[in-house]
Amino acid sequence: MTEVHMRTTVVLKDDLVKKAKKLSGASTLSALLNSCLADWIAQHSRRDLKARLLDEYRSGRQESRRISREFAHTDNEGWPSW
């Protein structure tokens with residue numbers, strides 16, 4: 001698979017670039033920006049996954065409560081407690 005690259009012009013604050021390069025250890029601005037984009041995408045992907053998992057958990061919890069209510073009468077039928 002061939003990688004496709006896009007050239008673009010951006011205006012960045014010098015102090016932010018210097019700090020980011022120092023923290024990341026990136027030797028080039030392209031490497032730094034690619035790393036930042038990859039981190040941003042990963043962060044948002046985790047956020048989306050967390051939101052979907054939370055939605056599924058909530059719907060599962062509601063279903064579990066509904067089933068518990070349905071069988072509440074069975075729980076009180078005098079079964080032995082072992």
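Two salt bridges are present in the structure, a salt bridge being a side-chain nitrogen of Lys or Arg within 4 Å of a carboxyl oxygen of Asp or Glu. The model is a predicted one, in which local features need pLDDT of at least 70 and side-chain atom pairs count only at pLDDT 80 or more, whereas totals for chains, interfaces and linings use all residues. Residues are numbered from 1 along each chain as its sequence is written, and side-chain values use heavy atoms, with hydrogens and water left out.

Side chains of opposite charge can pair when their charged atoms come close. Arg-66 pairs with Glu-63 in a salt bridge whose closest N and O atoms lie 2.5 Å apart. These two residues, Arg-66 and Glu-63, are separated by about one helical turn because they stand three residues apart in helix 2 (residues 29–70); helices (H or I, at least four residues) are DSSP runs numbered from the N terminus. Arg-66 also forms a salt bridge with Glu-70, at 2.2 Å from N to O. Arg-66 and Glu-70 are four residues apart in helix 2, and therefore about one helical turn separates them. Glu-63, Arg-66 and Glu-70 are thus linked in a network of salt bridges. Each member of the network is partly exposed: Arg-66 has a relative accessible area of 34%, Glu-63 one of 36% and Glu-70 one of 42%. Here, buried denotes under 20% relative accessible area, exposed over 50%, and partly exposed the range in between (1.4 Å probe, protein chains only).

The largest pocket holds about 450 Å³ of space. A pocket is an open set of points on a 1 Å grid over the protein atoms alone, where a 1.4 Å probe fits, with protein on both sides within 12 Å along at least five of seven lines; lining residues have an atom within 4 Å of a point. Grid points are joined across faces, edges and corners, and the volume is the space filled by probe spheres set on the points. The lining of the largest pocket includes Met-6, Arg-7, Val-10, Leu-29, Leu-33 and Leu-37. Its residues divide into five nonpolar, five polar and one charged, where Ala, Val, Leu, Ile, Met, Phe, Trp, Tyr, Cys and Pro count as nonpolar, Asp, Glu, Lys and Arg as charged, and the others, Gly among them, as polar.

Val-10 and Met-6 both precede helix 1 (14–24). Met-6 is exposed, with a relative accessible area of 71%, whereas Val-10 is partly exposed at 47%. Val-10 also belongs to a nonpolar surface patch with Leu-12, Leu-29 and Leu-33, for which the combined accessible area is about 290 Å². Such patches are made of residues with over 30% relative accessible area and no salt bridge, nonpolar side chains (Val, Leu, Ile, Met, Phe, Trp, Tyr) being joined within 5 Å. Accessible areas come from the Shrake-Rupley method with a 1.4 Å probe.

Several C-alpha separations relate the terminal segments to other parts of the chain. Met-6 and Ser-68, 62 residues apart along the chain, have C-alpha atoms separated by 56 Å. Val-4 is likewise located in the segment before helix 1 and is exposed at 77% relative accessibility; 46 Å separates its C-alpha atom from that of Gln-62, 58 residues away in sequence. Glu-77 lies in the segment after helix 3 (72–75) and is partly exposed, with a relative accessible area of 49%. The C-alpha atoms of Glu-77 and Leu-23 are 65 Å apart, with their positions 54 residues apart in sequence.

Technical notes:
Patches are made of residues with over 30% relative accessible area and no salt bridge: like charges are joined within 9 Å, nonpolar side chains (Val, Leu, Ile, Met, Phe, Trp, Tyr) within 5 Å.
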